[in-house]
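Dear colleague,

I am handing over the structure below, and after it I describe what was found among its aromatic rings. Please keep the view open while you read.

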Amino acid sequence: MNLFEVADSDRKSQHRNMTEVLEACRIQDLSSTTHLKASRIRSLLNAYRLSKAYEPDSKVAYVVEQFPNELVYALGMIPWNIESMAILLAQYGSADSFINLTQQNHVSRDICSFLRGSFGVIMANCYPNPDIVLANDQPCDCLSKLANVASKYYRSPFFSITTPTELNDDTLDYLAEQQRILVKDMAAALDMEFHESEIDRVVRQSNEAREYYCKTADLLRDHRLPGVSRELLEIFSMNAFGLPENVQLCKTLYQEALEMSNKPDSKKSGKRVLWAGQAPDGSHEIMRYMEEEVEVIFWAPLWSSNIMKLDPDDPYRSIARRAIEYHWHMERLQANLAEVCDSYGIDGIVISNAWGCRNMLALSPMMREVCGEKKIKYLTINVDFIDRNNYAFNHVKNRIDAFLEILM
Ligand code: SF4
């Protein structure tokens with residue numbers, strides 16, 4: 001197989017390839033780890049979006065993790081997050097064959113497994129071929145590179161925007177202008193019509209969902225709401241802000257969280273641990289083991305970028321602001337972490353270092369500093385949730401046991 005060109009870009013074959021992998025791996029209990037109605041709605045929404053992307057007439061845009069998908073929805077396209085898909089497959093126990101494929105093709109094992117897994121799915125020709133590939137160097141430039149490789153692989157147009165790290169008037173104008181140009185370039189490349197009113201529409205829908213999302217995150221401060229923090233993490237990862245179905249999902253989660261918070265025994269009690277870094281799915285042995293002893297709150301859904309609404313009067317600039325806020329900027333994340341630890345009553349932090357992720361390694365000293373200042377216990381674990389060759393539960397379990405011992 002030519003490594004740099006996909007052999008057959010027919011979506012029907014690609015769907016068949018993906019189905020075969022999933023069927024061969026139907027060995028794991030896929031039942032939801034929560035009883036939330038919102039989780040079931042999310043699964044259905046995901047399944048619908050994914051199957052739609054394999055239809056021949058669908059317009060599919062490959063995107064990276066934190067791409068401003070409102071721009072994609074404004075053009076009526078389906079964003080396909082190349083990294084999240086590999087994570088989803090790993091949750092279903094289906095990533096091994098893709099990881100093996102990268103090894104057979106000599107892809108370096110030093111690259112993080114999220115990228116290797118995704119690259120493996122592309123090599124196996126299981127993703128629907130994209131009409132366009134979009135990148136914005138977030139959360140890391142390795143993902144942009146993968147997007148670029150994917151565009152060559154599928155011979156699709158590639159567009160990328162650069163997100164500055166510093167937040168000021170100049171950087172906001174610079175990024176907002178790139179986004180304006182990008183939407184027009186996308187429309188031109190795909191011979192589509194674009195109307196600015198579509199941006200206004202998706203921004204309204206994005207904000208409506210965000211309103212419920214933020215109110216749910218607020219309820220978590222003082223209440224123990226099983227499954228809710230996990231669901232916020234999944235909603236953040238799905239990145240469907242701008243879709244009307246996402247409004248319904250966030251509204252349902254808020255209503256369920258509110259109902260739980262009104263129960264007399266819902267007040268926060270027991271020890272609370274903040275999970276920082278890449279997280280496995282809720283049924284993973286590490287999560288199940290920890291959640292027997294402590295309540296786990298995920299940090300990423302509480303980043304300031306995730307609790308900000310867009311400005312309907314200046315959508316591009318506010319999307320730019322959110323994008324800059326998403327950058328792993330040491331000082332901004334430090335301030336956010338300190339605030340989250342205080343307002344959510346955090347007793348300990350688990351710093352999850354995923355194999356090959358340079359970003360998390362760079363952030364770890366800052367997190368340890370915050371823990372020192374706040375007299376919070378922390379544990380750093382080295383894990384790999386995609387490639388089973390790099391992980392053994394027993395190694396991590398000993399460390400978790402010791403951490404829980406000093407926390408209690
Ligand atoms: S795990 Fe780290 S290196 Fe890999 S794509 Fe995510 S941020 Fe980038």
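Which residue lies over the face of Y213? It is R210, which lies at 5.3 Å from the centre of that ring. R210 also appears in a second contact, since its charged end sits over the ring of F241, 3.7 Å from the centre. Please bear in mind that this is a predicted model.

Turning to rings that meet other rings, the structure holds 12 aromatic pairs. One of them is formed by Y289 and F393, which meet edge-to-face, with 5.7 Å from centre to centre and 85° between the planes. This pair links distant parts of the chain, as Y289 belongs to helix α12 (residues 285-291) and F393 to helix α16 (residues 393-407), 104 residues apart. Y289 is partly exposed, with a relative accessible area of 23%, whereas F393, at 18% relative accessibility, counts as buried, because the cut-off for buried is under 20%.

W303 and W328 form another edge-to-face pair, with their centres 6.2 Å apart and an angle of 70° between the planes. Here too the pair links distant parts of the chain, for W303 lies in the loop between β6 (295-298) and α13 (315-326), while W328 lies in the loop between α13 and α14 (330-343), 25 residues apart. W303 counts as buried at 8% relative accessibility, and W328 counts as partly exposed at 21%.

Finally, you may wish to look at Y54, Y62, W80, Y127, Y153 and Y154, which together form one aromatic cluster.

With best wishes

How values were computed: Residues numbered from 1 in each chain as written. Predicted model: local features only at pLDDT ≥ 70, side-chain atom pairs only at ≥ 80, totals over all residues. Heavy atoms only, no water. Phe/Tyr/Trp six-rings, centres within 6.5 Å; stacked < 30°, edge-to-face > 60°. Helix = DSSP H or I, 4+ residues; strand = E, 2+ residues; numbered from the N terminus. Buried < 20%, exposed > 50% of the residue type's maximum accessible area, 1.4 Å probe, protein only. Lys NZ or Arg CZ within 6 Å of the ring centre and 35° of its normal.
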